[in-house]
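Biologist: I would like to learn how to read a binding site and a sheet from a model. Please take the ligand before the fold.

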Amino acid sequence: MVALARKLAPLPQTAEATAFATDVLAGLGATPKTVPAKYFYDGAGSQLFERITELPEYYPTRTEMRILRDEGAEIARLIQSGAALVEFGSGSSKKARILLRAAPPLAAYVPVDICGEMVEQEAAELQVDFPQLKVLPVTADICFPFELPAEAKAAPARVGFFPGSTIGNFEPHEAAAFLRNAAKILGAGSTLIIGADLIKDTEILNAAYNDKDGVTAKFNLNLLARINRELAGNFKLDTFEHHAFFNRERNRIEMHLASLKRQKVKVTGECFDFRAGETIHTENSYKYSVESLGALACGVGWQPAGVWTDKRKYFSIQAFKLAE
Ligand code: AVJ
């Protein structure tokens, strides 16, 4: 009987799906309501994010690519010949391509991403363009410890690459935990190259998260569509609205989904009440200064090893080293 009931229950099928269900139910049950930003990136969400990176208002990707193109040779001097390059949250690997072209011959390139679909496909495409390079994709949540492929562990050195200001999605204490985790994964003597968005004018920041075409709104709302698809949710997408604004006290962009009316929503059979105007807090995007990120990294043992920015000082690439 018990075994039969278990078989019939609509339980998530994979560890990834279980984590999504657990986190969504906990987040919607909390006050205020939240859902972790990492769940934006299913297939549809990853595609919408790629569109965001091409929007005129969204300066971070373009600016970071420019820094990598202009300073790639300098940045690549931190990468020893024969090292393994490990990219945390690789997405489309567009930035890694620039770094790989400037880098000496490597033992391996290891793109790590939570979206397995994306990381496998992008790795296959990159492999075609870099036939000499060993490309070893890993599907993992970079918030937690994960195993590197044997070739990367055996390499004489490891270099971490964490571009895209993804670090901004973490709370500062989580960013410190990530940096500690990265130190453990990469090991003594390793290097870490981080792309971090910089604190700037409120108007420029707000525009970047409230584009005229509404792509960012779609990206935000896709989270509800994903819950509907994967967790038997019944969110009505036209009853929620995208809100994004810079919170200057906390140096972060906040994204929310605001319920336009009082309503009840079901997710995997559990019911959640929304007041009119109540929001689900879906993302924080922290902005740093060179000093504030440096202080965070130093606090967990990483020593500053270089900083590169664009002319307008919109974005930074910051390198750190671990003692041997
Ligand atoms: C991928 C986390 C860097 O915070 O700018 C873009 C995600 N959210 N527009 C960011 C995002 C809304 C992006 N990061």
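Biologist: Which residues come nearest to the ligand?

Modeller: A residue is near a molecule if one of its heavy atoms lies within 4 Å of it. Of the 13 residues around the ligand here, Tyr 58, Gly 164, Tyr 209, Glu 283 and Ser 285 come nearest. This is a predicted model, where local features need pLDDT of at least 70 and side-chain atom pairs pLDDT 80 or more, while totals for chains, interfaces and linings use all residues. Residues are numbered from 1 along each chain as its sequence is written, and side-chain values use heavy atoms, without hydrogens and water.

Biologist: Which ligand atom does the side chain of Glu 283 approach?

Modeller: Look for polar contacts, that is, pairs of N or O atoms within 3.5 Å. An N or O atom in the Glu 283 side chain is 2.6 Å from a nitrogen atom of the ligand. For Tyr 209, the partner is a ligand oxygen atom at 2.5 Å. Ser 285 has a polar side-chain atom 2.7 Å from an oxygen atom of the ligand.

Biologist: How much of the ligand's accessible area does the protein cover?

Modeller: Accessible area comes from the Shrake-Rupley method with a 1.4 Å probe. The protein covers 97% of the 350 Å² that the ligand has on its own.

Biologist: What is the strand order in the open sheet?

Modeller: Strands are DSSP runs (E, at least two residues), numbered from the N terminus, and two of them pair if DSSP finds at least two bridges between them. The order of the four strands is E1-E11-E8-E7, with mixed pairing. The edge strands, E1 (33–34) and E7 (240–247), each pair on one side only.

Terms used:
Polar contact = N/O pair within 3.5 Å; in protein donor to acceptor, adjacent residues only side chain to side chain.
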